[in-house]
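Student: I want the reasons behind the labels, not just the labels. Can we take them one at a time?

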Amino acid sequence: MSEKAPQVSIVIPLFDEEMTIPRLCAALDDVVGKLEAGGRSTEVLIIDDGSRDAGFARLKEAATTRPWMRLIRFRRNFGQTAAMAAGFERARGAYIVPMDADLQNDPDDIPMLLARLEEGYDIVSGWRKNRQDKALSRRLPSKIANSLIGRVTGVRLHDYGCTLKAYRREVLEPVRLYGEMHRFIPVYAKWSGARITEQVVRHHARKEGKSKYGLARTLKVLLDLMTVKFLGDYSTKPLYLFGLWGFLFIGGGFVSGLITLLEKFRTGVYAHRNPLLLLAVMLFVVGIQLIGMGLLAELLVRIYHESQSKPVYLIGEEINAPVETPPLARAILPVPRRG
């Protein structure tokens, strides 16, 4: 007989947090006890992302007396997104709650997030309104990034960087995480029709260890944002993006060539001495290359979807479907926005 699945799965990526582990285990004891007492069966998945300290040995010792604690250890450091993906794939709960291991997130906020989920939302995103981090190196870049992500994606949240969120399991199933894309899960889910709200959560200053975040991550966020924008708007029609810019460059080349001819016949400036001729040739060639890249991207998109039977849509509900209708393959791309 198979073990009954828990209602709540808490997913915690961890890297070099040996000093925090005693407090983390104590905090988890407390919150799991509260959830269990409230009728919410709970499991905790801790994913060691190739830590170099003795933290995993301490976790193994802690897990011997905590049957709800599940441990996963990577062979090397793959990054926070990979650790979250491993936790999400192995989580069995109907509600999935990721949080950081450094206890700057407060586990005592988890019941509050779950209560908001049960109001009918699919995602409850934590908002560290009173954030306990350095102003210039952490809070200011975060505000700029959050504002930019909201403008580009159309999904406006105050705190994309807050790991503490609560998800219904079904909104995570279509999402596949690569690179460092975990912060964009609400965007993918929103494009698939998820209902999202925010909840102010507590944030504590780090007491042990060293932060793994820095200004370099801001650049990674900007690069990831470009990927998200492309996937959201052009994942099934990349030629629209490359073709538009291709025609603009070709048009610019045509105008530059026309001006070159006018200057030749009106002012006597020889074409081979006019820099506009070189600009015209360059713009025209780049435009042709962009259109060619768009056509190649179209072929790759079709190969991607057709070779693996990937649907380009997600069905929210179907009434009176025939019994013999085969189940659809699970989509792994976000649904492009319309309009």
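**Labels and their cut-offs**

Student: Why does aspartate 16 count as buried?

Tutor: Aspartate 16 has 16% relative accessibility. Buried means under 20% relative accessible area, exposed means over 50%, and partly exposed lies in between, with a 1.4 Å probe and protein chains only as cover. The 16% falls under 20%, so aspartate 16 is buried.

Student: What are these values taken from?

Tutor: This is a predicted model, where local features need pLDDT of at least 70 and side-chain atom pairs count only at pLDDT 80 or more, while totals for chains, interfaces and linings use all residues. Residues are numbered from 1 along each chain as its sequence is written, and side-chain values use heavy atoms, with hydrogens and water left out.

Student: What is unusual about the backbone of aspartate 16?

Tutor: Aspartate 16 has a positive phi of about 50°, although it is not a glycine. Most residues other than glycine have a negative phi. Leucine 103 is also a non-glycine residue with a positive phi, about 65°. Leucine 103 sits in the loop between S4 and H4. Its relative accessible area is 9%, so leucine 103 is buried.

Student: Where does glycine 268 come, and what is its phi?

Tutor: Glycine 268 comes just after H9 and takes a positive phi of about 80°.

Student: How do you know that arginine 52 and aspartate 16 form a salt bridge?

Tutor: Their closest N and O atoms are 2.6 Å apart. A salt bridge needs a side-chain nitrogen of Lys or Arg within 4 Å of a carboxyl oxygen of Asp or Glu. The 2.6 Å is within 4 Å, so the pair qualifies.

Student: What makes this pair a tie between parts of the chain?

Tutor: Arginine 52 lies in the loop between strand S2 (42-48) and helix H2 (55-63), and aspartate 16 in the loop between strand S1 (8-14) and helix H1 (21-37), so the bridge ties together parts 36 residues apart in sequence. Arginine 52 is exposed, at 68%.

Student: How many salt bridges does the structure hold?

Tutor: It holds 18 salt bridges. One of them joins aspartate 122 and arginine 195, at 3.1 Å from N to O. That pair links distant parts, 73 residues apart: aspartate 122 is in the loop between helix H4 (110-117) and strand S5 (123-127), and arginine 195 in the loop between helix H7 (185-191) and strand S7 (196-200).

Student: Why is arginine 195 called partly exposed?

Tutor: Its relative accessible area is 47%. That lies between the two cut-offs, so arginine 195 is partly exposed. Aspartate 122, at 7%, is buried.

Student: Which residues of H4 are buried?

Tutor: Ile110, Leu113, Leu114, Arg116 and Leu117. They cover an arc of only 160° around the axis, so they lie on the same side of H4. The arc is that of the directions from the helix axis to the C-beta atoms. The elements covering them include S1, H1, S5 and S7.

Student: What does arginine 116 meet in a salt bridge?

Tutor: Its side chain meets that of glutamate 119, at 3.1 Å from N to O. Glutamate 119 is exposed, at 54%, whereas arginine 116 is buried, at 16%.

Student: What makes the five residues around Met226 a patch?

Tutor: Leu148, Leu219, Leu222, Leu223 and Met226 form a nonpolar surface patch, with about 470 Å² of accessible area together. Patch members have over 30% relative accessible area and no salt bridge; like charges are joined within 9 Å, and nonpolar side chains (Val, Leu, Ile, Met, Phe, Trp, Tyr) within 5 Å. Methionine 226 has 58%, so it clears the 30% area cut-off. It also counts as exposed at that value. Helix H8 (residues 216-234) gives the most to the patch, with four residues.

Student: How does the span of H9 compare with the expected one?

Tutor: Helix H9 (residues 238-266) has 29 residues and reaches 42 Å from its first C-alpha to its last. The expected span is 1.5 Å times one less than the number of residues. That gives 42 Å, so the span is close to expectation. Buried residues in H9 include Phe242, Gly246 and Ile250.

Student: How many helices and strands are there in the chain?

Tutor: There are 10 helices and seven strands. These are DSSP runs numbered from the N terminus: helices are H or I with at least four residues, strands E with at least two. Of the 339 residues, 45% count as buried.

Definitions and conventions:
Accessible areas come from the Shrake-Rupley method with a 1.4 Å probe; for residues, only the protein chains shown count as cover. Contact means heavy atoms within 4.5 Å.
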